[in-house]
Amino acid sequence: MITKLLVANRGEIARRVFATCRALGVATVAVHSDADADAPFVADADQAVRLPGNTPAETYLRIDATLDAARRSGADAVHPGYGFLAENAEFAAAVTDAGLTWVGPCAKAIAAMGDKMAAKALLADAGVPMLPTWTDPAEVTAFPVLVKAAAGGGGRGMRIVRDAAGLAEAVAGARREAAAAFGDGTVFIERYVERGRHVEVQIFGDTHGAVVALGVRDCSIQRRHQKIVEEAPGVLPDDVRAELHEAAVAAGRAVDYVGAGTVEFLLAPDGQVHFLEMNTRLQVEHPVTELTTGLDLVRLQLLVAEGEPLPVTATPPADGHAIEVRLCAEEPAQGFRPATGTLHRFAIPGVAAEFGPARGLRLDSGVVDGSTVSVHYDSMLAKLVAWAPTRAEAARALAGALARAELHGVATNRDLLVRVLRSPEFAAVDVDTGFLDRHPEVFEPLLPAEQLPVAALAAALAGAAARRAAAPVLAGLPSGWRNVPSLPQVTSFTVGDGEEIEVRYRLDRTGGLAEWGSKGPLLTDPVEEGSPVNTELPQVELVTAAPDRVVLDVDGVRRAFRVHRVGSSVFVDGPDGAASLTELPRLPLPTAELAAGSLLAPLPGAVTRVHVEVGQRVAAGDLLLTLEAMKLEHPVLAPADGVVTELPVPAGGQVETGAVLAVVDPEEDPQ
């Protein structure tokens with residue numbers, strides 16, 4: 001029987017496993033990098049062992065260091081979580097050889113499924129349907145195709161290629177990304193199915209020969225080949241569901257599978273089912289299966305690892321519907337560029353349970369208020385899951401909770417997720433892996449640009465209320481009030497990628513809003529001195545203003561705004577969306593001017609390749625260099641035609657946010 005479990009992972013999956021361990025009375029051990037020393041998962045564990053360093057290669061990918069941590073802490077079992085070493089057959093064998101209980105399938109099964117080409121051949125013999133596949137790019141005969149990493153998962157190393165001209169670069173890029181993520185740069189190529197649905201079957205096996213399908217999940221909505229919305233049960237015809245169950249169980253039996261696993265398929269528009277891969281671990285999206293079956297999958301993992309038979313012998317009927325979203329630190333409108341920084345506030349209303357069964361909202365989170373989002377690891381912050389009797393109710397509840405969440409300090413994909421969940425196409429189950437490509441409207445922020453002035457006004461009034469509350473004298477007077485009307489109060493902010501918005505307002509002797517106006521590139525002209533309120537803006541009356549809450553009557557509709565200030569950053573959450581503003585100083589200090597055409601690093605990372613030379617003429621959109629951060633490659637493109645005049649960072653160089661990566665001078669004459 002397991003008495004002390006080491007989780008060889010980090011973040012929300014470590015916290016998820018620890019939660020079940022606490023319920024079962026199993027002691028827990030965390031391992032952590034230096035960057036994760038103060039992370040919530042470390043605090044959740046009974047014991048923790050440091051893995052010196054920060055990068056995955058220095059820490060979470062080290063088998064020797066992880067086994068040494070188990071020895072020093074007295075752990076008698078190891079759970080790999082997902083990612084990192086979770087599907088590493090060598091690690092599974094080393095754990096077993098060390099006399100520890102391995103919570104997962106045997107090394108032989110991991111190896112069989114980890115080599116995706118060998119897995120395809122094995123399962124084809126077992127009758128599982130397959131897509132055409134190639135290992136040599138020269139043998140590809142039809143397009144489009146998908147280049148895939150042979151090891152690991154999570155979309156790492158995937159590239160869609162639509163013609164022969166782009167195949168070589170796609171293969172090279174996939175190899176680099178796969179090697180960085182999994183330590184194995186092997187890739188293969190398979191036919192890409194347009195408008196296919198990504199569906200998968202959760203299976204479970206035990207040491208007594210049982211293999212059971214626990215239902216189908218639909219994970220079709222993806223970005224960069226990574227799932228961001230998952231649901232169970234997948235909305236499918238009964239015959240397709242039965243075919244998927246049968247194929248998944250056949251795959252598990254072909255390798256004598258033990259523990260939790262997922263068999264993934266592509267469902268073509270014509271209804272044909274094609275095997276994609278088998279993941280020999282617990283999946284990120286396992287909570288939707290838990291909520292619709294009533295099973296704790298981590299508990300089942302531990303029981304099976306101890307040699308107990310599965311308590312279920314057939315697919316349980318689905319109870320209600322569950323939808324999960326992956327809340328990530330990233331900027332969808334910027335190509336899903338990962339974001340880093342301090343999460344000043346992380347609050348989601350209405351959560352019924354964390355890491356466990358919930359009739360309502362469940363939160364599995366790796367972060368809390370004050371957490372640091374590091375460049376070293378995946379961008380996922382948390383998973384929010386909604387259960388309801390029907391799919392429509394679950395989608396509505398999940399979208400509502402996300403829209404009301406306070407997520408301050410780091411950019412997230414929250415607005416995109418809300419728009420997806422509220423879209424008519426999602427409601428109609430008109431989904432596939434190309435959903436985001438066909439629906440650019442979901443990339444629009446929830447708060448329209450024309451409503452930014454009111455949010456900025458709320459921020460300015462909250463700031464004035466805070467200063468008034470802190471004033472040592474005359475705190476009862478309205479801010480900026482004069483016996484004779486004078487110039488308005490002026491507060492300026494930046495929003496988005498540095499666009500400036502200015503708010504001007506004047507209060508009367510009662511503290512009411514006498515007039516207001518704004519200016520900015522997407523907004524309106526400023527109110528001239530002595531002129532009435534700008535008629536292009538809504539009519540606003542001030543109801544109440546406190547440092548953290550402002551209530552305004554906007555065109556006859558009362559609206560409450562929650563305001564949270566951290567230094568010069570101001571976060572405004574209103575009924576129509578959220579705004580992240582930076583208040584500008586009234587008397588700014590002079591700063592160094594960047595050269596025209598400077599391209600700055602959007603986040604810390606490493607320059608992996610430089611594709612151009614100083615003096616080279618480039619066209620808008622040309623690839624200049626590649627930046628690697630948060631386990632993904634990010635291309636840096638020329639913003640306009642011009643000549644490369646500076647490349648200050650060589651390949652292999654590390655950069656911080658805001659560092660100059662290149663300078664492209666549009667005026668430079670190559671002659």
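This passage describes selected strands, loops and one surface patch of the structure. The model is a predicted one, and the account below moves from an open sheet, through two sets of hairpins, to a charged helix.

A convenient place to start is the open sheet of four strands, whose order is β6-β9-β7-β8 with antiparallel pairing. The strands β6 (133-134) and β8 (159-161) stand at its edges; each has a single partner strand, so one side of each is left without a neighbour in the sheet. Strand β7, covering residues 145-149, is joined to β8 by three bridges, and the two run antiparallel. Within this part of the sheet, Val145 faces Val161 of β8. Just ahead of β7 comes a backbone feature worth a look: the peptide bond between Phe143 and Pro144 is cis, with omega at about 5°. Pro144 itself sits in the loop that links β6 and β7.

Most peptide bonds are trans, and most residues other than glycine have a negative phi. Against that background, a second cis bond can be noted, running from Ala232 to Pro233 with omega near -5°. Pro233 is placed in the loop between β12 (226-232) and α8.

Strand β12 offers a good view of how the neighbouring elements come together. Seven of its seven residues are buried, which leaves the strand mostly covered. On one hand, β12 pairs with β11 in the antiparallel sense over four bridges; on the other, β12 pairs with strand β15 (residues 321-328), again in the antiparallel sense and over four bridges. Glu231 appears in both pairings: Asp218 stands opposite Glu231 in the pairing with β11, while Ile323 is the bridge partner of Glu231 in β15.

The connection between β11 (211-223) and β12 is a loop that contains Arg224. These strands form a hairpin with two residues between them, where Arg224 adopts a positive phi near 55°. Is Arg224 buried, partly exposed or exposed? Its relative accessibility is 29%, and Arg224 therefore counts as partly exposed, since that class lies between the limits of 20% and 50%. Another residue other than glycine with a positive phi is Phe336, where the value is near 60°. Phe336 belongs to the loop between β16 (330-331) and β17 (337-338). With a relative accessible area of 9%, Phe336 is buried, because it falls under the 20% limit.

Further along the chain, strand β31 (residues 569-574) has five of its six residues buried, so the rest of the structure largely encloses it. Strand β30 (residues 557-566) is joined to β31 by five bridges in an antiparallel arrangement, with His564 and Phe571 of β31 as bridge partners. The hairpin of β30 and β31 has two residues between the strands, and Gly567 there takes a positive phi near 60°. Six bridges then connect β31 to strand β32 (residues 577-583), which also run antiparallel. Here the bridge partner of Val572 is Ala579 in β32, and β31 and β32 make up a hairpin with two residues between them.

Finally, the surface shows a patch of negative charge. Which residues gather there? Asp238, Asp239, Glu243 and Glu246 form the patch. Asp238 lies in helix α8, which spans residues 238-254. The relative accessible area of Asp238 is 65%, so this residue is exposed.

How values were computed:
Residues are numbered from 1 along each chain as its sequence is written. This is a predicted model: local features need pLDDT of at least 70, side-chain atom pairs count only at pLDDT 80 or more; totals for chains, interfaces and linings use all residues. Side-chain values use heavy atoms; hydrogens and water are left out. Patches are made of residues with over 30% relative accessible area and no salt bridge: like charges are joined within 9 Å, nonpolar side chains (Val, Leu, Ile, Met, Phe, Trp, Tyr) within 5 Å. Accessible areas come from the Shrake-Rupley method with a 1.4 Å probe; for residues, only the protein chains shown count as cover. A salt bridge is a side-chain nitrogen of Lys or Arg within 4 Å of a carboxyl oxygen of Asp or Glu. Lys and Arg count as positive and Asp and Glu as negative; His and the chain ends are not counted. The place of a charge is taken as NZ of Lys, CZ of Arg, CG of Asp or CD of Glu. Buried means under 20% relative accessible area, exposed over 50%, partly exposed in between (1.4 Å probe, protein chains only). Two strands pair if DSSP finds at least two bridges between them.
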